[in-house]
Amino acid sequence: MHVVPVDVDDLPDHRKQYGFDNLDFHFNDRGFRSAERCVALRELPDYPITRVRTGQFLVNEDGSYTNIWEGEIRFDE
């Protein structure tokens, strides 16, 4: 889960070079299934956000990643 701030200076110093905060998590730690849906809860940082990118991926045997799905929510439009 990538959180992109309105102002990159709001990011922790170790994330400024990337332009977003990485809040990735394991679904089993923060999610649950209800009926036919999967739901995850994640607290957002306390700074103005321009967009959030999220999705699900698998790690391949060679260490590369395969995206299963991805999505983005924009707050600046």
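User: How do the residues of the lining of the largest pocket divide into nonpolar, polar and charged?

Analyst: This is a predicted model. The lining of its largest pocket has 10 nonpolar residues, seven polar ones and six charged ones.

User: How much space lies in that largest pocket, and which residues are closest to its centre?

Analyst: The largest pocket holds about 930 Å³ of space. It is lined by 23 residues, and those closest to the centre are Phe25, Thr54, Gly55, Gln56 and Phe57. Two or more lining residues come from each of strand 4 (37-40), strand 5 (49-59) and strand 6 (65-74).

User: Which strand gives the most to the lining of the largest pocket?

Analyst: That is strand 6, which gives six residues.

User: Phe57 is among the residues closest to the pocket centre. Why does Phe57 count as partly exposed?

Analyst: Phe57 has a relative accessibility of 39%. Partly exposed is the class between under 20%, which is buried, and over 50%, which is exposed. The value of 39% falls between these limits, so Phe57 counts as partly exposed. The residue is part of strand 5.

User: What makes Phe57 eligible for a patch on the surface, and which residues form the patch with it?

Analyst: A patch residue needs over 30% relative accessible area. Phe57, at 39%, therefore passes that cut-off. The nonpolar patch consists of Phe57, Val59 and Tyr65, and together they have about 340 Å² of accessible area.

User: How do you know that Lys16 and Asp13 form a salt bridge?

Analyst: The closest N and O atoms of Lys16 and Asp13 are 3.1 Å apart. A salt bridge requires a side-chain nitrogen of Lys or Arg within 4 Å of a carboxyl oxygen of Asp or Glu. The distance of 3.1 Å is within 4 Å, so the pair qualifies. Side chains of opposite charge can pair when their charged atoms come close.

User: Are Lys16 and Asp13 buried, partly exposed or exposed, and why?

Analyst: Asp13 has a relative accessible area of 66%, which is over 50%, so Asp13 is exposed. Lys16 has 29%, between the limits of 20% and 50%, and is therefore partly exposed.

User: How many salt bridges does the structure hold, and which residues are linked in a network?

Analyst: There are three salt bridges. Arg51, Glu72 and Arg74 are linked in a network.

User: What makes the contacts of Glu72 with Arg51 and Arg74 salt bridges?

Analyst: The closest N and O atoms of Arg51 and Glu72 are 3.3 Å apart. This pair links distant parts of the chain, with Arg51 in strand 5 and Glu72 in strand 6, 21 residues apart. Arg74 and Glu72 also meet at 3.3 Å, N to O. The cut-off is 4 Å, so both contacts count as salt bridges.

User: Why are Arg51, Glu72 and Arg74 called partly exposed?

Analyst: The relative accessible area is 22% for Arg51, 41% for Glu72 and 35% for Arg74. These values lie between 20% and 50%, so the three residues are partly exposed.

User: Why does Leu41 count as exposed, and where does Leu41 lie?

Analyst: Leu41 is in the loop between strand 4 and strand 5. Its relative accessibility is 57%, over the 50% limit, so Leu41 counts as exposed.

User: What pattern does the chain follow, and how much of it counts as buried?

Analyst: With one helix and six strands, the chain reads β-β-α-β-β-β-β along the sequence. Of its 77 residues, 17% count as buried.

Technical notes
Residues numbered from 1 in each chain as written. Predicted model: local features only at pLDDT ≥ 70, side-chain atom pairs only at ≥ 80, totals over all residues. Heavy atoms only, no water. 1 Å grid on protein atoms, 1.4 Å probe; cavity = no way out; pocket = protein on both sides within 12 Å on 5 of 7 lines; lining within 4 Å. Points joined across faces, edges and corners; volume = space filled by probe spheres on them. Helix = DSSP H or I, 4+ residues; strand = E, 2+ residues; numbered from the N terminus. Nonpolar A, V, L, I, M, F, W, Y, C, P; charged D, E, K, R; others polar. Patch = residues over 30% accessible without salt bridge, like charges linked within 9 Å, V, L, I, M, F, W, Y side chains within 5 Å. Areas by Shrake-Rupley, 256 points an atom, 1.4 Å probe, with all protein chains shown as cover. Buried < 20%, exposed > 50% of the residue type's maximum accessible area, 1.4 Å probe, protein only.
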